[in-house]
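Visitor: Could you take me on a close look at the aromatic rings in this one, and at what sits around them? I'd like one connected walk rather than a list.

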Amino acid sequence: MAVRVLVVEDERRLAAAVRRGLSAEGFAVDIAYDGEDGLHSAREGDYDAVVLDLMLPKISGYRVCQQLRAEKNWVPILILSAKDGEYDQADGLDLGADDYLTKPFSYVVLAARLRALLRRGAVPRPVELLAGDLSLDPASRRVRRGQTEIALTAREFSLLEYLIRRAGQVVSKSQLLEHVWDTYDSVGLNVVEVYAGYLRRKIDTPFGRQALQTVRGAGYRLAADGG
Ligand code: CA
């Protein structure tokens, strides 16, 4: 029985070329032309693997991947990313993709990568980040302190994610402003303080902990042991 692959790609010529390339390698290929259709097909279609473009109409590939993993759908996903795309490969892998290829790519390489993924099969791969009993799951966007789930806003989540990836290290306010707020504007440094306060009230105060530490004159540090 042929291996079934779903290709989610909005550029029709590329999608058709991928279909030809993979069919020649013996795969049975279906195509979805936008993220919504791709997500639906990936849920319902019982595919052996998904080849997923990132920049897609309706729902981005990024969100499709995130959503499937949040639903504990572990179908192997290979991301196709444009060279200077909005997202980098690390983002895709954080969201639970299994591999990525940068466009332009050769179909022989794509087929080989897919075979490698298929050999591994659909393995659960939660990518949880931990600092002591504080955990953050980038794929499902869940944060927990022990068994207690904590609801964060998108900005608070990004701030915590940046800090927990660097747990134990001092991170400056301007670094946070640049990476979490996407701006270098130093006038806005106080916004970092405000959000650090919001975050503390959610991840520390209710638990009598002090994970998010102010390092005077330098910035912040998230205690590696969770405070
Ligand atoms: Ca695209």
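Guide: Start with Arg4, which lies over the face of Tyr47, 4.5 Å from the ring centre. Keep in mind that this is a predicted model. There's another charge-over-ring case at Tyr162: the charged end of Arg166 sits over that ring, 3.6 Å from its centre.

Now for rings meeting rings. Searching the whole structure turns up 3 aromatic pairs. One of them is Phe105 with Tyr107, an edge-to-face pair with 5.6 Å centre to centre and 85° between the planes. Phe105 is buried, because its relative accessible area of 14% falls under the 20% cut-off. Tyr107, at 26% relative accessibility, counts as partly exposed.

Trp181 and Tyr195 also pair edge-to-face, at 5.4 Å centre to centre with 70° between the planes. What does this pair tie together? Trp181 is in the loop between helix H7 (173–180) and helix H8 (189–203), while Tyr195 is in helix H8, so the pair links parts that are 14 residues apart in sequence. As for exposure, Trp181 is buried, with a relative accessible area of 14%, whereas Tyr195 comes out as partly exposed at 22% relative accessibility. Don't stop at two rings here, though: Tyr198 joins Trp181 and Tyr195 in one aromatic cluster.

So that's the tour: arginines over Tyr47 and Tyr162, the Phe105–Tyr107 pair, and the cluster of Trp181, Tyr195 and Tyr198.

How values were computed:
Residues are numbered from 1 along each chain as its sequence is written. This is a predicted model: local features need pLDDT of at least 70, side-chain atom pairs count only at pLDDT 80 or more; totals for chains, interfaces and linings use all residues. Side-chain values use heavy atoms; hydrogens and water are left out. Rings of Phe, Tyr and Trp (its six-membered ring) pair if their centres lie within 6.5 Å; planes under 30 degrees apart count as stacked, over 60 as edge-to-face and the rest as tilted. Buried means under 20% relative accessible area, exposed over 50%, partly exposed in between (1.4 Å probe, protein chains only). Helices (H or I, at least four residues) and strands (E, at least two) are DSSP runs, numbered from the N terminus. A charge sits over a ring if NZ of Lys or CZ of Arg is within 6 Å of the ring centre and within 35 degrees of the ring normal.
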